[in-house]
Amino acid sequence: MKKILLVLTCIVAMAMMIVGCGGSDNGKKADNKITVGFSVSTQNNPFFVSLAKGVEAKAKELGVNVKVVDAQNDPAKQANDIADLLQQNISVLLVNPVDSAAVSTSVKAANKANIPVICLDRSADQGNVACLVASDNVKGGEMAADYIVKKLGEKVKVAELEGIPGASASRERGEGFHKIADSKLTVVAKQTAEFDRSKGLTVAENMLQANPDIKAIFAQNDEMALGAIEAAKSAGKQIFIVGFDGTADGVKAVESGAMSATIAQQPEIMGQQGLEAAVKAAKGEKIDAKISAPLKLIEKK
């Protein structure tokens, strides 16, 4: 009887070891599945909604987990969100910064944790970013100024609605615009409206009141341009308005003639490119330091 019990005990122990080993393998497989943490600057803007849509669609296609958090255009919230993501065993950090300077601390924290960082649309001022996926914002700003010169001539009075201060996209679009505008146009006003439509309306109203002879407005994104359109309507003025991004609402405004043109990005493709780069980084594969997304000028046909 004792021998039988001993044999049974051994069989049970061996079975438990086999189950245990199987469970360990499954856990290892689960641990090895790529998980991307994605911090997006805001989901209250069609451009960034499309950006996130591209990330999520490509993640589904590639069988990758993605955790999306919305910073709501708040640098402090983005820092807290990223800190949380870094504690969740993510393979890669994909980030669309609210503020390029403020996000640097988070990038450095990811570097310290040996988690690769991919930036979308805007870069980080400091820290090691493995790859930036973005349009050539400087070139886009130049395209906007060139278009105004082409359509209205040189030295006409223009105003500029700037994006979020500190965002690399704001700096770069402004840099490109002023490369042309400072010599060929007369910039009479520029002010931030933080990439926001309602703020674009308010700021543009104030600009038009203070400078009634403004002929054109360059808005660093379509949301602000759409606000400027409403401001021009309220003032009873025909203003030549050029936006940036090529959002659905922006393109619709161009087609209707309400907006003169938009420098179109393709945020959904940009999101897909970013997720693909993130997967390569997670696998330890080589990726380019900069991946450029295409730009095109959309005007009414």
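In this predicted model, the largest cavity is lined by N45, F47, F48, D121, R122, A169, R173, F195, N221 and D245. The volume of this cavity is about 50 Å³. The count of cavities of 30 Å³ or more comes to one. Two elements, α2 (46–62) and α6, each give two or more residues to the lining of the largest cavity. By class, that lining divides into four nonpolar, two polar and four charged residues.

**Pockets**

The largest pocket has a volume of about 190 Å³. Its lining consists of I229, A232, K233, K237, Q238, I239, F240, I241, G257, A258, M259 and S260. Both α8 (222–235) and β9 (240–245) supply at least two residues of this lining. The most comes from α8, with three residues. Seven residues of the lining of the largest pocket are nonpolar, three are polar and two are charged.

The second largest pocket holds about 170 Å³ of space. T42, N44, N45, N73, I164, E194, F195, D196, R197, K199 and E223 line the second largest pocket. By class, two of these lining residues are nonpolar, four are polar and five are charged. Two names recur: N45 and F195 belong to the lining of the second largest pocket and also to that of the largest cavity.

The three spaces are set out here by volume and lining class.

| Space | Volume | Nonpolar | Polar | Charged |
|---|---|---|---|---|
| Largest pocket | about 190 Å³ | seven residues | three residues | two residues |
| Second largest pocket | about 170 Å³ | two residues | four residues | five residues |
| Largest cavity | about 50 Å³ | four residues | two residues | four residues |

**The α5–α6 pair**

Helix α5 covers residues 137–152, and helix α6 covers residues 168–184. Their axes come within 7 Å and cross at roughly 35 degrees. The crossing of α5 past α6 is right-handed. On the α5 side, the contact uses N137, V138, G141, E142, A145, D146, I148 and V149. On the α6 side, the residues are A169, E172, R173, E175, G176, F177, K179, I180, A181 and K184. By class, this contact has eight nonpolar, three polar and seven charged residues. A169 and R173 are part of this helix contact, and both also line the largest cavity.

**Positive phi in two loops**

Most residues other than glycine have a negative phi. K155 has a positive phi of about 70 degrees, although it is not a glycine. K155 lies in the loop between α5 and β6 (157–162). K155 counts as partly exposed because its relative accessibility is 49%, and the exposed class starts over 50%.

E194 is also a residue other than glycine with a positive phi, near 55 degrees. Its place is the loop between β7 (186–192) and α7 (197–210). At 32% relative accessibility, E194 is classed as partly exposed. E194 is also one of the residues lining the second largest pocket.

**Q43 and A277**

Q43 sits in the loop between β1 (35–40) and α2. Its relative accessibility is 33%, so Q43 counts as partly exposed. Neighbours within four places in sequence aside, Q43 is in contact with F48, V49, A52 and D70. Of these, F48 is also in the lining of the largest cavity. Q43 and V69 are 26 residues apart in sequence, with their C-alpha atoms 9.4 Å apart.

A277 lies in helix α10, residues 267–282. Is A277 buried or exposed? A277 is buried, because its relative accessibility is 3% and buried means under 20%. Leaving aside neighbours within four places in sequence, A277 is in contact with I118, C131, I287 and I291. A277 and L94 are 183 residues apart along the chain, yet their C-alpha atoms are separated by 9.4 Å.

**The whole chain**

The secondary structure comes to ten helices and twelve strands. Of the 301 residues in the protein, 48% are buried. Among contacts with a separation of 6 or more, 72% join residues 24 or more positions apart.

Definitions and conventions. Residues numbered from 1 in each chain as written. Predicted model: local features only at pLDDT ≥ 70, side-chain atom pairs only at ≥ 80, totals over all residues. Heavy atoms only, no water. 1 Å grid on protein atoms, 1.4 Å probe; cavity = no way out; pocket = protein on both sides within 12 Å on 5 of 7 lines; lining within 4 Å. Points joined across faces, edges and corners; volume = space filled by probe spheres on them. Helix = DSSP H or I, 4+ residues; strand = E, 2+ residues; numbered from the N terminus. Nonpolar A, V, L, I, M, F, W, Y, C, P; charged D, E, K, R; others polar. Axes fitted to C-alpha atoms, helices over the stretch in contact; angles between N-to-C directions. Left-handed = near helix turned anticlockwise from the far one by under 90°. Contact = heavy atoms within 4.5 Å. Buried < 20%, exposed > 50% of the residue type's maximum accessible area, 1.4 Å probe, protein only.
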